[in-house]
Amino acid sequence: MEKTDTVLEEMLKNFEEKINRGDAIEPKDKMPDGYRKHLIRQMSQHAHSEVIGMQPEGNWITRAPSLRAKQILLAKIQDEGGHGLYLYSAAETLGISRSELINQLHTGKAKYSNIFNYPTLNWADIGAIGWLVDGAAIVNQVSLQRTSYGPYSRAMVRICKEESFHQRQGYEIMAKMMAGTKEQQEMAQDAMNRWWWPSLMMFGPHDGDSPHTGDAFKWKIKRHSNDELRHKFIDKTVQQAEVIGLTIPDKDLKWNEAKGHYDHGAINWDEFYRTINGNGPCNRQRLAHHIKVHNEGAWVREAAEAYRAKKEKAIFNN
Amino acid sequence: MATDTQLALWEVFLQAKSGANYIHAGSVHASDKSMALQNARDTYTRRGEGTSIWVVPSDAIVASNPDDNEMFFDPANDKVYRHPTFYVMPAGAKAI
């Protein structure tokens with residue numbers, strides 16, 4: 001027992017020295033169980049979010065207002081699927097299989113971003129998602145480009161390159177609607193009102209109430225706190241809203257000269273926890289749809305494996 | 001009845017343009033090599049990131065162990081004569 005403890009301590013010491021030097025951790029490096037577990041939890045949640053996030057947007061493909069809008073939306077949703085795949089493959093380097101990752105999503109052990117439990121009621125919501133939801137995601141993902149785990153960091157670099165198109169296409173939709181009829185302007189403002197607060201919640205609980213923060217900072221998985229990132233998002237978004245004439249639905253929002261950022265009103269954390277615990281507007285629908293599509297696709301995977309087996313047999317017999 | 005699997009894991013390497021090194025991009029799941037190649041194209045080259053792709057079954061890759069780094073890579077450091085700066089050139093010699 002004693003010897004094992006010494007070995008573990010030595011491993012942890014080497015690991016933390018490496019982290020402190022600013023070296024990346026790679027899949028075959030020794031790492032503490034806590035680090036591996038934290039990463040699997042965070043990266044799988046991130047991957048699931050990309051994939052589940054395809055649903056609210058997919059809802060509008062057939063009703064996009066023009067061919068241009070439809071092509072853009074299709075390309076964006078394809079990117080989200082791709083981002084999910086980058087992240088799943090990065091998570092798999094930690095020794096968890098794709099089947100297990102999907103199983104954890106289906107059994108509720110793994111979560112996905114709360115934001116996708118809200119419905120997309122009209123076309124303006126597609127604008128609001130691109131601009132606000134992807135905008136918030138970008139702030140988080142830019143910070144994660146410097147995360148300590150190599151494969152996660154590399155996936156983030158790739159994702160960030162692609163995300164700015166997502167945000168810009170959303171903002172363009174909002175800008176177009178704000179330059180349109182009174183009804184279009186009202187639709188845009190209504191979408192803003194519904195998506196603003198859930199977007200702020202995407203950064204997670206306030207720093208004092210965040211359950212996973214301690215080791216994540218020490219091990220440089222996280223580089224910036226939830227509140228730091230939330231402020232960064234608010235500060236850049238307020239100006240963009242002003243330019244196109246949208247009002248941020250927060251009467252307490254005001255510039256704080258001393259702190260150098262905007263102060264915002266109280267976030268409704270009851271709603272956040274109600275949604276995260278399964279009782280948001282679309283939780284059941286999102287998961288049921290994923291499970292249904294997964295099960296309905298089983299025959300495709302089986303057929304692909306059967307085809308491979310048949311071809312291998314043919315080569316063997318020749 | 002066959003069991004439902006997520007298909008085999010393949011590593012993807014991209015060449016950004018002809019003449020460049022192939023660089024690891026990530027991995028994909030696929031049942032065979034032609035599916036692996038198609039999935040790699042769809043996943044990693046949506047914006048002209050590559051003009052050529054290699055896919056390799058992940059279990060065919062042999063990797064060094066970071067625990068052995070000191071021993072494994074050690075011989076490189078004490079053979080300074082492998083570097084051009086080791087040699088003393090006569091004064092006045094040009095283009096060498």
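Visitor: How do you know how confident the predictor is in chain A?
Guide: Look at pLDDT, the predictor's confidence in each residue, from 0 to 100. Chain A averages 94, and 98% of the residues score at least 70. This is a predicted model, where local features need pLDDT of at least 70 and side-chain atom pairs count only at 80 or more, while totals for chains, interfaces and linings use all residues. Residues are numbered from 1 along each chain, chains are lettered from A, and side-chain values use heavy atoms, leaving out hydrogens and water.

Visitor: Which elements of chain A have the lowest and the highest mean pLDDT?
Guide: Helix α9 (residues 213-218) of chain A has the lowest, 84, and helix α8 (residues 182-201) of chain A the highest, 98.

Visitor: Why is α2(A) called roughly antiparallel to α4(A)?
Guide: Helix α2 (residues 33-52) of chain A packs against helix α4 (residues 67-92) of chain A at about 160°, with the axes 7 Å apart. Angles under 35 degrees count as roughly parallel, over 145 as roughly antiparallel, 65 to 115 as roughly perpendicular and the rest as oblique. So α2(A) is roughly antiparallel to α4(A).

Visitor: What makes B:R46 and A:E162 a salt bridge?
Guide: The rule asks for a side-chain nitrogen of Lys or Arg within 4 Å of a carboxyl oxygen of Asp or Glu. Here the N to O distance is 2.9 Å, so the pair fits. B:R46 sits in the loop between α1 (33-44) and β3 (52-57) of chain B and A:E162 in helix α7 (residues 150-178) of chain A, so this pair joins two chains. Over all chains, the rule gives 28 salt bridges.

Definitions and conventions: Axes fitted to C-alpha atoms, helices over the stretch in contact; angles between N-to-C directions. Helix = DSSP H or I, 4+ residues; strand = E, 2+ residues; numbered from the N terminus.
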